[in-house]
Amino acid sequence: MSKNRQEVLIERPEGGRRRRMTVMATKKDYDDFAEQLAAIGRPIVVGFEATGNYHRTLAHRLLTAGFELRLISSVALARTREALHNGWDKNDSKDAQVILHMLRIGATQRYVDPLAAGINDLQELSKTHETISKAKTQTWHRILTHYLPLYFPEIARFAGNSRSDWFFALIERFPTPASITAPDAEAFSAAAWPLIGRKVSKARLINDIYETACASVALPVPEDSAAITMFRMVIAQGRSLIQQRDEIERLAHARLAEHVDYQLLRKIPGIGPINALTILAEAGDLRRFNHHRQFLKFCGLDLATCQSGTFR
């Protein structure tokens, strides 16, 4: 499987010459391919290696045509290819041969189509949350390691965790010590009070920030400079990502609130809305696993034994 073309190798159970063909990633080629397979008039089993998301459209087309789909592990494929060909050489035609061999010996996994299984929306929620969380973390680190050391290094000790929007709101309004000390302490307290939200010893916190600004060693950069404008732009980006993440968490909980397995997962200590969402989005119906070890293996977490002679 690839973005633009798929290399296909077809073998009949009774043997004979294999048929090789290339299927381009177009609706016409997909429809023609499904019709050619159906014309064989026998049960068809299709094995493929997942490649990003490029396999999803063809896999769904073949599934709706009534064919059985089997997924080949990329790790198992690479190791089998090396064992069969005694080398690291890799190309699409060779991969097709190895996939066919693994399909023949049954070294495959069951393929669950997210759209057919009804978990496509959950997967998009989960993957988008992961993407936004990573972007938010990168923005947070950029602020902590670049902007604050230059323009207000001492305020970093008030930062708390990256989930707090109040700190972003405060430094967006007061990005430099000079912007804090320009008004008197009482005026700053009045302006900062609604930004910080609900905090224990809030008045003392605001007073500590003001006193910290008075003794800051920050660079004397004007608040209306291009540098501070860029600082505020990055802060706004971080706040936007926090809002997006919170909205995804709200949507996930609203969508799964009545889901029985979601409710059971939430009862496990340490599993919140996003962890429960991720489990259901990646695994689908948990009852398709007959034993917990099957689920561990599906996650790549199964224990392995190293044994030789009397050594175990």
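**Exercise 1. Work out what packs over helix H13.**

Solution. Start with the cover: the buried residues of H13 have helix H6 (120–151), helix H11 (226–256), helix H12 (260–266) and helix H14 (292–298) among the elements over them. Contact here means heavy atoms within 4.5 Å, and helices (H or I, at least four residues) and strands (E, at least two) are DSSP runs numbered from the N terminus. This is a predicted model, where local features need pLDDT of at least 70, side-chain atom pairs count only at pLDDT 80 or more, and totals for chains, interfaces and linings use all residues. Residues are numbered from 1 along each chain as its sequence is written, and side-chain values use heavy atoms, with hydrogens and water left out.

Next, pick out the residues being covered. H13 runs over residues 273–283, and Ile274, Ala276, Leu277, Leu280, Ala281 and Ala283 are buried in it. Buried means under 20% relative accessible area, exposed over 50%, and partly exposed in between (1.4 Å probe, protein chains only).

Last, look at what follows: just after H13, Gly284 takes a positive phi of about 70°.

**Exercise 2. Compare Asn120 and Arg255: where does each sit, and what does each touch?**

Solution. Take Asn120, which belongs to helix H6. Its relative accessible area is 17%, so Asn120 is buried. Skip residues up to four places away in sequence, and Asn120 touches Arg56, Pro114 and Leu115.

Now Arg255, a residue of helix H11. Arg255 counts as partly exposed because its relative accessibility is 49%. With neighbours within four places left aside, the contacts of Arg255 are Asp121, Leu122 and Leu125. As for His141, 114 residues apart from Arg255 along the chain, the two C-alpha atoms are separated by 32 Å.

**Exercise 3. Place two loop residues, Trp88 and Ser201, and say whether each is buried, exposed or partly exposed.**

Solution. Trp88 goes in the loop between helix H3 (74–85) and helix H4 (92–105). At 72% relative accessible area, Trp88 is exposed. Step back ten residues along the chain to Ala78, and the C-alpha atoms are 8.5 Å apart.

Ser201 is in the loop between helix H9 (185–196) and helix H10 (202–214). A relative accessible area of 37% makes Ser201 partly exposed. Check the backbone too: Ser201 isn't a glycine, yet its phi is positive, near 55°.

**Exercise 4. Set the two UniProt domains against the model.**

Solution. First, the N-terminal one: an unreviewed UniProt entry places "domain: Transposase IS110-like N-terminal" at residues 2–153. That stretch is 56% helix and 16% strand, with its end C-alpha atoms 48 Å apart.

Then the other: UniProt, again in an unreviewed entry, has "domain: Transposase IS116/IS110/IS902 C-terminal" covering residues 263–311. Here we get 45% helix and 0% strand, and 44 Å between the end C-alpha atoms. A caution: UniProt positions are in the numbering used here, feature names are shortened, and annotations may be inferred rather than shown by experiment.

**Exercise 5. Describe the chain as a whole.**

Solution. Count the elements: 14 helices and five strands. Then the dimensions: the C-alpha trace spans about 90 × 50 × 45 Å along its principal axes. Finish with burial and contacts. Of the 312 residues in the chain, 35% are buried. Among contacts between residues at least 6 apart in sequence, 60% join residues at least 24 apart.
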